[in-house]
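Me: I am in my first year and would like to look closely at one part of a protein model. Please take me through it slowly, and then show me how it sits among its surroundings.

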Amino acid sequence: MIRHLVLFKLNEGVERDDPRVVKGVEAFRALDGTIPEIRFWELGWNVSDRPIAHDFAINSAFDDRDALRRYVEHPDHQAGVALWREFATWVIADYEF
């Protein structure tokens, strides 16, 4: 299995209730059950007030690298990525477990 972690940092001046952010969260929340390669899916807002913390996280799992690639290339995933590019940056980690 491959764990796919994504940590998002909202751009300066962008808040969680920004309509673009709300739409972006909804787009990613809707992927669960939509893309067959997803084996595990959870997402949520950071609750830590530490300055090094990111704002939003997605924790997901896929059977293998090919399944992860198909997910990344899926049009619904790409549409969500396009939304988030407008107001955030992110880092990822993909590892076997």
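In which loop does Asn11 lie? Please begin there and then go on to the rest.

Reply: Before anything else, please keep in mind that this is a predicted model, and that what follows describes the model as it stands.

Asn11 lies in the loop between strand E1 and helix H1. Its relative accessibility is 29%, and Asn11 therefore counts as partly exposed, since that class covers values between the buried limit of 20% and the exposed limit of 50%. If we leave out residues up to four places away in sequence, Asn11 touches Glu86, Phe87, Ala88 and Thr89. Along the chain, Asn11 and Phe87 are 76 residues apart, yet their C-alpha atoms are separated by 5.4 Å.

One of the residues that Asn11 touches, Ala88, brings us to strand E4, which covers residues 88-96. Tyr95 is also found in this strand, and at 37% relative accessibility Tyr95 counts as partly exposed. Apart from its neighbours within four places in sequence, Tyr95 is in contact with Met1, Ile2, Arg3 and Leu5. Tyr95 can also be placed relative to Asp64, which is 31 residues away in sequence and 10.0 Å away in space, C-alpha to C-alpha.

A database record covers this part of the chain as well, for an unreviewed UniProt entry lists residues 2-95 as "domain: Stress-response A/B barrel". In the model, the C-alpha atoms at the two ends of residues 2-95 lie 5 Å apart, and the span is 32% helix and 32% strand.

From the loop we can now turn to the interior. In soluble globular proteins, nonpolar side chains tend to be buried together. Here the largest nonpolar core has 23 residues, and those with the most contacts inside it are Phe28, Trp41, Ile58, Tyr71 and Trp84. Two or more residues are given to this core by each of strand E1 (2-10), helix H1 (19-29), strand E2 (40-45), strand E3 (56-62), H2 and H3, and the largest share, four residues, comes from E1.

Strand E3 also holds Ser60, which is buried, with a relative accessible area of 0%. When residues up to four places away in sequence are not counted, Ser60 touches Ile2, Arg3, His4, Phe40 and Trp41.

Tyr71, one of the core residues with the most contacts, leads on to the helices. Beyond its neighbours within four places in sequence, Tyr71 is in contact with His4, Leu31, Ile35, Ile38, Trp41, Phe62 and His77. The last of these, His77, lies in helix H3 and counts as buried, at 8% relative accessibility. His77 in turn touches Phe28, Leu31, Ile35, Tyr71 and Val72, again not counting residues up to four places away in sequence. Between His77 and Phe28 there are 7.4 Å from C-alpha to C-alpha, although the two are 49 residues apart in sequence.

Finally, consider how the two helices meet. Two packed helices are described by the angle between their axes and the distance between the axes. Helix H2 (residues 65-73) and helix H3 (residues 75-84) pack at an angle of about 60°, with their axes 5 Å apart, and H2 and H3 are therefore oblique to each other. On the H2 side the contact is made by Tyr71, Val72 and Glu73, and on the H3 side by Pro75, His77 and Gln78. Sorted by kind, the residues of this contact are three nonpolar, two polar and one charged.

Definitions and conventions: Residues are numbered from 1 along each chain as its sequence is written. This is a predicted model: local features need pLDDT of at least 70, side-chain atom pairs count only at pLDDT 80 or more; totals for chains, interfaces and linings use all residues. Side-chain values use heavy atoms; hydrogens and water are left out. Axes are lines fitted to C-alpha atoms, for helices over the stretch in contact, and angles run from 0 to 180 degrees between N-to-C directions. Angles under 35 degrees count as roughly parallel, over 145 as roughly antiparallel, 65 to 115 as roughly perpendicular and the rest as oblique. Contact means heavy atoms within 4.5 Å. Ala, Val, Leu, Ile, Met, Phe, Trp, Tyr, Cys and Pro count as nonpolar, Asp, Glu, Lys and Arg as charged, and the others, Gly among them, as polar. UniProt positions are given in the numbering used here, feature names are shortened, and annotations may be inferred rather than shown by experiment. A nonpolar core is a set of buried Ala, Val, Leu, Ile, Met, Phe, Trp, Tyr and Cys residues joined through side-chain atoms within 4.5 Å. Buried means under 20% relative accessible area, exposed over 50%, partly exposed in between (1.4 Å probe, protein chains only).
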